[in-house]
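Visitor: I should like to learn how to read the features of a protein model in a systematic way. May we go through one together?

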Amino acid sequence: MIAHQEERGSGTVLTLAAIAALMMLIGVVHVVGSAAVAAAQAARGADLAALAAADAARGLTAGDPCTVADDVATRNGVMLRHCVITGDHGTEAVVEVVVPVLPTLLGPGAEPPGSAGRGWEAVGSARAGPPADAWG
């Protein structure tokens with residue numbers, strides 16, 4: 001009977017360990033899911049900002065192309081990091097945008113090594129304009 005007394009409570013410890021492992025797995029899935037959502041948002045925002053900038057560069061809409069791109073990026077929840085109008089006729093827009101991945105979950109000061117204070121972010125880039133052979 002004494003041998004059974006030594007094992008008493010071991011089921012509780014194993015259950016607590018299983019719950020802790022499950023909670024960690026849920027946390028990892030949440031972080032990976034948040035990163036995937038941020039990457040998709042960055043890609044979408046970059047596409048829309050590049051299209052808006054290219055339209056402005058071609059004169060289809062009013063305004064400075066990069067200012068228009070910044071406005072569209074902001075309205076889509078991304079931050080414009082880089083905007084360049086290029087091409088032979090100045091009608092091609094290349095943009096880069098960023099989206100914070102986990103700004104509220106990790107809290108202030110929780111940054112990846114080597115990020116130089118930028119935090120965890122997803123980056124999206126896009127090019128918009130006429131096809132290369134459109135001008136003949």
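Visitor: Of the contacts in the protein with a separation of 6 or more, what percentage is accounted for by residues 24 or more positions apart?

Guide: This is a predicted model. Residues 24 or more positions apart account for 55% of its contacts with a separation of 6 or more.

Visitor: Which secondary structure elements does the protein have, and in what order do they run from the N terminus?

Guide: The protein has four helices and three strands. Read from the N terminus on, the elements follow the pattern α-α-α-β-β-α-β.

Visitor: How should I read the sheet: in what order do the strands stand, and is the pairing parallel or antiparallel?

Guide: One reads a sheet by its strand order and by the sense of each pairing. Here three strands form an open sheet in the order E1-E2-E3, with antiparallel pairing. Because E1 and E3 stand at the edges with a single partner strand each, one side of each has no neighbour in the sheet. On average, neighbouring strands are turned by 10° against each other, direction ignored.

Visitor: How many bridges join E1 to E2, and how many pair E2 with E3?

Guide: Seven bridges join E1 to E2, and eight bridges pair E2 with E3. Individual partners may be followed in the model: Val84 stands opposite Val94 in E2, and Ala93 has Ala128 in E3 as its bridge partner. The hairpin of E1 and E2 has five residues between the strands, and Gly87 in this hairpin takes a positive phi near 95°.

Visitor: Which strands do H2 and H3 lie across?

Guide: H2 lies across E1, E2 and E3, and runs at about 30° to E3. H3 lies across E1 and E2, running at about 150° to E1.

Visitor: Which residues have the most contacts inside the largest nonpolar core?

Guide: A core is read by its members and by the elements that supply them. The largest nonpolar core has 21 residues, and Ala69, Ala73, Leu80, Val95 and Val97 have the most contacts inside it. Two or more residues each come from helix H2 (10-58), helix H3 (65-75), strand E1 (79-86), strand E2 (92-100) and strand E3 (121-128). H2 gives the most, with seven residues. Leu80 may serve as an example: beyond its neighbours within four places in sequence, Leu80 is in contact with Cys66, Ala69, Asp70, Ala73, Val95, Glu96 and Val97.

Visitor: What share of the residues is buried, and is Ser34 buried or exposed?

Guide: Buried residues make up 26% of the 136 residues in the protein. Ser34, which is placed in helix H2, has a relative accessibility of 16% and therefore counts as buried, since the cut-off for buried is under 20%. Not counting residues up to four places away in sequence, Ser34 touches Val101 and Leu102. As for the surface, the accessible area of the protein comes to about 8900 Å², and 63% of this belongs to carbon and sulfur atoms.

Visitor: Which cysteines does a disulfide join, and why is the disulfide left-handed?

Guide: A disulfide joins Cys66 to Cys83, with an S to S distance of 2.2 Å. The torsion about the S-S bond is about -85°, so the disulfide is left-handed. This pair links distant parts of the chain, with Cys66 in helix H3 and Cys83 in strand E1, 17 residues apart. Cys66 counts as partly exposed at 22% relative accessibility, whereas Cys83 is buried, with a relative accessible area of 19%.

How values were computed
Residues are numbered from 1 along each chain as its sequence is written. This is a predicted model: local features need pLDDT of at least 70, side-chain atom pairs count only at pLDDT 80 or more; totals for chains, interfaces and linings use all residues. Side-chain values use heavy atoms; hydrogens and water are left out. A nonpolar core is a set of buried Ala, Val, Leu, Ile, Met, Phe, Trp, Tyr and Cys residues joined through side-chain atoms within 4.5 Å. Buried means under 20% relative accessible area, exposed over 50%, partly exposed in between (1.4 Å probe, protein chains only). Contact means heavy atoms within 4.5 Å. Accessible areas come from the Shrake-Rupley method with a 1.4 Å probe; for residues, only the protein chains shown count as cover. Two strands pair if DSSP finds at least two bridges between them. Axes are lines fitted to C-alpha atoms, for helices over the stretch in contact, and angles run from 0 to 180 degrees between N-to-C directions. A disulfide is a pair of cysteine sulfur atoms within 2.5 Å.
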